[in-house]
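Here is a short briefing to read with the structure open beside you. Take the topics in any order you like.

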Amino acid sequence: PHDWATGDILEDVALLFCLKLRDTHVWRAKTVVDLLGLDELDPESAEQVAEFIQEHPEQVMISCDGLDEGKVDESSLLWAMLQRRSNTLPAEIRLLVTSRPCSIVTKLDKSCHFDRRAELTGFSQEQAKSFIHKY
């Protein structure tokens, strides 16, 4: 988080959407507007954001937090987006999916390709001291 906040990484991400997958409304969304919460903006702002997404998808990231925490609906727009089968969003948009290991992650992993995969293994004692000192 610190490196991102200071612009040391992902400085080319201009627009970030954070979806909490434990919230049932994200699984019930029928449109991208609903999924990304653009319906909560005034119409002019929502249109500007939608245009930006279409014109600069490489500068957009969607963080999908807690895949293991939600009630996954495999017929949903969100599931199609996670599998990169949705034509409603440009393929260049970056997706960041977080989850503990579980069967739904294994299923998603088998049905699509991830560019990168990371596993958090915790801190060593020295790393913990460094983290506490830094933040």
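## A walk through the model

Glu 44 sits in helix α4. This residue is exposed, with a relative accessible area of 57%. Please keep in mind that the model is predicted. In it, the chain has seven helices and three strands.

**Around Glu 44 and helix α4**

- From Glu 44 to Asn 87 the C-alpha distance is 24 Å, and the two residues are 43 residues apart in sequence.
- Helix α4, the home of Glu 44, spans residues 43-55 and packs on the sheet, where it touches β1 and β2.
- The direction of α4 makes about 105° with that of β1.

**The chain as a whole**

- If you read along the sequence, you meet the pattern α-β-α-α-α-β-α-β-α-α.
- A box of roughly 50 × 35 × 25 Å, taken along the principal axes, holds the C-alpha atoms of the chain.
- The chain has 135 residues, and 28% of them count as buried.
- About 9,500 Å² of the chain is exposed, and carbon and sulfur atoms supply 52% of that area.
- Among contacts with a separation of 6 or more, 72% join residues that are 24 or more positions apart.

**The sheet**

- Three strands form an open sheet in the order β1-β2-β3, with parallel pairing.
- At the edges are β1 (15-20) and β3 (94-98), each of which pairs on one side only.
- On average, neighbouring strands of this sheet are turned by 15° against each other, direction ignored.
- Six bridges link β1 and β2 in the parallel sense; Leu 16 has Met 61 in β2 as its bridge partner.
- Five bridges link β2 (residues 60-65) and β3, also in the parallel sense.
- Met 61 turns up in this pairing as well, standing opposite Arg 94 in β3.
- Strand β2 is mostly covered, with five of its six residues buried.

**Two strand residues to look at**

- Leu 15 belongs to strand β1.
- Beyond its neighbours within four places in sequence, Leu 15 is in contact with Val 49, Phe 52, Ile 53, Gln 59, Val 60 and Met 61.
- Arg 85 lies 70 residues from Leu 15 along the chain, and their C-alpha atoms are separated by 22 Å.
- Ser 63 is part of strand β2, and its bridge partner in β3 is Leu 96.
- Is Ser 63 buried or exposed? Ser 63 counts as buried because its relative accessibility is 12%, which is under the 20% cut-off.
- Not counting residues up to four places away in sequence, Ser 63 touches Leu 16, Phe 17, Cys 18, Leu 19 and Leu 96.

**The nonpolar core**

- Which residues have the most contacts inside the largest nonpolar core? They are Leu 19, Ile 62 and Leu 78, in a core of 28 residues.
- At least two residues of this core come from each of β1, α2 (24-28), α3 (32-36), α4, β2, α5 (77-82) and α6 (103-111).
- Helix α5 gives the largest share of this core, with five residues.
- Leu 19 is worth clicking on: with neighbours within four places in sequence left aside, its contacts are Val 26, Leu 35, Ile 62, Ser 63, Cys 64, Asp 65, Leu 78 and Met 81.
- Two of those contacts of Leu 19, Ile 62 and Leu 78, are also named with Leu 19 for the most contacts inside the core.

**The two sides of helix α6**

- In α6, the buried residues are Ile 104, Val 105 and Leu 108.
- Why do they lie on the same side of α6? They cover an arc of only 100° around the axis, so they share a side of the helix.
- These buried residues of α6 pack against α5.
- Ser 103 and Lys 110 are exposed on the other side of α6.

Technical notes
Residues numbered from 1 in each chain as written. Predicted model: local features only at pLDDT ≥ 70, side-chain atom pairs only at ≥ 80, totals over all residues. Heavy atoms only, no water. Pairing = 2+ DSSP bridges. Helix = DSSP H or I, 4+ residues; strand = E, 2+ residues; numbered from the N terminus. Axes fitted to C-alpha atoms, helices over the stretch in contact; angles between N-to-C directions. Contact = heavy atoms within 4.5 Å. Core = buried A, V, L, I, M, F, W, Y, C linked by side-chain atoms within 4.5 Å. Buried < 20%, exposed > 50% of the residue type's maximum accessible area, 1.4 Å probe, protein only. Areas by Shrake-Rupley, 256 points an atom, 1.4 Å probe, with all protein chains shown as cover. Arc of directions from axis to C-beta.
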